[in-house]
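Visitor: Please take a close look at one enclosed space in this model, beginning with what kinds of residues form its walls. After that, please connect it to the surroundings.

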Amino acid sequence: MRMYDIIEKKRDGLALTDEEINFFIDGYTDGTIPDYQASALSMAIYFNGMTEQERATLTMRMVESGDTIDLSPIEGIKVDKHSTGGVGDTTTLVLAPLVAAVGVPVAKMSGRGLGHTGGTIDKLEAVPGFHVEIENDEFIRLVNENKISVIGQSGNLTPADKKLYGLRDVTATVNSIPLIASSIMSKKIAAGADAIVLDVKTGAGAFMKSEEESIELAKAMVSIGNNVGRQTMAVISDMGQPLGRAIGNALEVEEAIQTLRGQGPEDLTELSLTIGSQMVVVGGQAETLAEAREKLEAVIENGQALETFKTFLSSQGGDASVVDNVDGLPQAEYQIELPAKTSGYVSEIIADEIGQAASLLGAGRQTKESEIDLAVGLVLNKKVGDYVEEGESLLTIHSNTEDVESIKDKLYHNMTISTDKVEAPTLIKTTVSE
Ligand code: URA
Ligand code: CA
């Protein structure tokens with residue numbers, strides 16, 4: 001088999017066989033196929049797409065290119081959740097204890113944040129003492145005992161994807177639906193998930209700016225999952241403005257606690273219940289989404305969700321007393337208000353720019369090596385559609401430096417107030433289940 005013929009075939013719009021895809025992935029991973037041929041093929045895929053069969057084969061061959069995590073010693077259907085990346089996206093912190101409280105095992109391998117999106121591990125580490133460096137057997141034991149544990153990324157998972165993603169990044173071939181879908185799904189499958197729920201973000205702060213493209217991406221991932229025997233569902237949710245009110249590590253832990261108590265922001269609560277219901281259904285703990293939702297609402301109401309969160313924190317060394325007293329979380333030295341310059345309706349809060357502002361305060365990493373400040377961030381006092389009086393606070397800046405003038409400029413620049421009435425955007429655009 002020759003790589004030349006594979007490129008030519010895809011260039012001409014034909015579907016590749018399983019053998020051809022396997023030949024490409026194996027050869028590219030072991031270095032016998034050079035970058036220039038892999039980039040030519042990526043570009044051909046970018047223009048000509050891939051069939052369902054090709055996508056499934058590509059995904060599974062990337063899974064097989066490296067280590068895979070075996071979660072079979074954990075009882076039950078292991079459901080993983082993946083978000084395509086949001087700003088102030090506190091949902092994983094809420095969802096993990098929430099679905100665990102209704103019996104869905106959460107064995108999560110999570111990452112750290114880079115750039116304007118935060119990582120779940122960074123957020124959890126805002127709880128004093130909490131750590132994710134635990135041995136595999138301990139991880140399995142914790143999930144069997146408490147239904148929940150989170151560890152950091154380990155092992156050599158999907159090296160083929162790592163190499164190919166790096167190449168796509170510099171050859172203008174990231175934005176291809178079959179390539180994104182197989183990249184994301186290969187990582188979830190290698191991490192051991194039996195079932196997968198996807199939160200595909202759409203809007204200014206998202207990877208896919210238009211709703212149509214977001215739906216197409218969701219469908220592509222759901223069909224890969226279902227084709228390779230992992231039940232998969234997806235939610236398309238708005239990421240025009242940040243989710244909830246808090247953006248920043250300790251601030252989001254506090255927001256998650258409020259939400260688990262039933263007192264969180266409306267949008268974060270709704271998204272958590274929507275994604276959570278899908279997780280409970282694919283996790284086999286409810287027949288229908290409506291039944292799943294009732295179960296989730298019940299554990300918020302009766303305090304079990306919050307109890308599960310406490311157990312989870314202390315099982316990994318964390319100080320669970322922060323749940324009842326959030327003053328135990330890192331606090332920033334200064335709380336500075338951002339007053340509205342005019343009265344009117346908030347019409348735009350550009351998520352990725354607001355996320356960058358939080359990152360500049362120290363809440364996120366500029367490079368992989370940067371240290372983050374767990375205490376700092378932003379809390380929105382107004383969201384899109386809200387009315388604001390001139391001088392009233394749009395948001396509160398939690399900072400460890402007093403001089404935040406350039407951050408304020410950036411925030412003003414990315415929050416618009418209109419004299420015309422503005423409706424709040426629809427949060428859940430649609431769901432995809434097959
Ligand atoms: N995230 C991924 O993991 N892979 C892609 O291709 C795009 C986004
Ligand atoms: Ca938030």
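Guide: By class, the walls of the second largest cavity hold 5 nonpolar, 1 polar and 3 charged residues, where nonpolar covers Ala, Val, Leu, Ile, Met, Phe, Trp, Tyr, Cys and Pro, charged covers Asp, Glu, Lys and Arg, and polar covers the others, Gly among them. This is a predicted model, in which local features need pLDDT of at least 70 and side-chain atom pairs count only at pLDDT 80 or more, while totals for chains, interfaces and linings use all residues. Residues are numbered from 1 along each chain as its sequence is written, chains are lettered from A and ligands numbered from 1 in the order in which they are written, and side-chain values use heavy atoms, with hydrogens and water left out.

The lining of this cavity consists of Val 79, Asp 80, Lys 81, Thr 92, Leu 95, Ala 96, Val 106, Lys 108 and Met 279, and its volume is about 60 Å³. A cavity here is a set of points on a 1 Å grid over the protein atoms alone where a 1.4 Å probe fits but cannot get out, a pocket is an open set with protein on both sides within 12 Å along at least five of seven lines, and lining residues have an atom within 4 Å of a point; points are joined across faces, edges and corners, and the volume is the space filled by probe spheres set on them. By this rule there are 5 cavities of 30 Å³ or more. At least two lining residues come from each of strand E1 (79-83), helix H5 (91-100) and strand E2 (106-110), helices (H or I, at least four residues) and strands (E, at least two) being DSSP runs numbered from the N terminus.

From here the path leads to Thr 308, which belongs to helix H14 (residues 304-315). Its C-alpha atom is 5.5 Å from that of Pro 97, although the two are 211 residues apart along the chain. Beyond neighbours within four places in sequence, Thr 308 is in contact (heavy atoms within 4.5 Å) with Pro 97, Ala 100, Ala 101, Asn 146 and Ile 148. Thr 308 counts as buried because its relative accessible area is 13%, the limits being under 20% for buried, over 50% for exposed and partly exposed in between, with a 1.4 Å probe and protein chains only.

Lys 147 sits in the loop between helix H7 (136-146) and strand E3 (148-152), and its phi is near 70°, a positive value in a residue other than glycine. At 24% relative accessibility, Lys 147 is partly exposed. Thr 158, in the loop between E3 and helix H8 (159-169), also has a positive phi, near 40°, yet Thr 158 is buried at 2%.

The wider packing can be followed through Leu 313, which, residues up to four places away in sequence aside, touches Leu 124, Val 127, Phe 130, Gly 318, Ala 320, Val 322 and Val 323. Together with Leu 378 and Leu 411, Leu 313 touches the most other members of the largest nonpolar core, a group of 84 residues; such a core is a set of buried Ala, Val, Leu, Ile, Met, Phe, Trp, Tyr and Cys residues joined through side-chain atoms within 4.5 Å. Helix H12 (residues 266-282) gives the most to this core, with 8 residues. A second, separate core has 37 residues, among them Ala 56, Leu 71, Ile 134 and Val 222.
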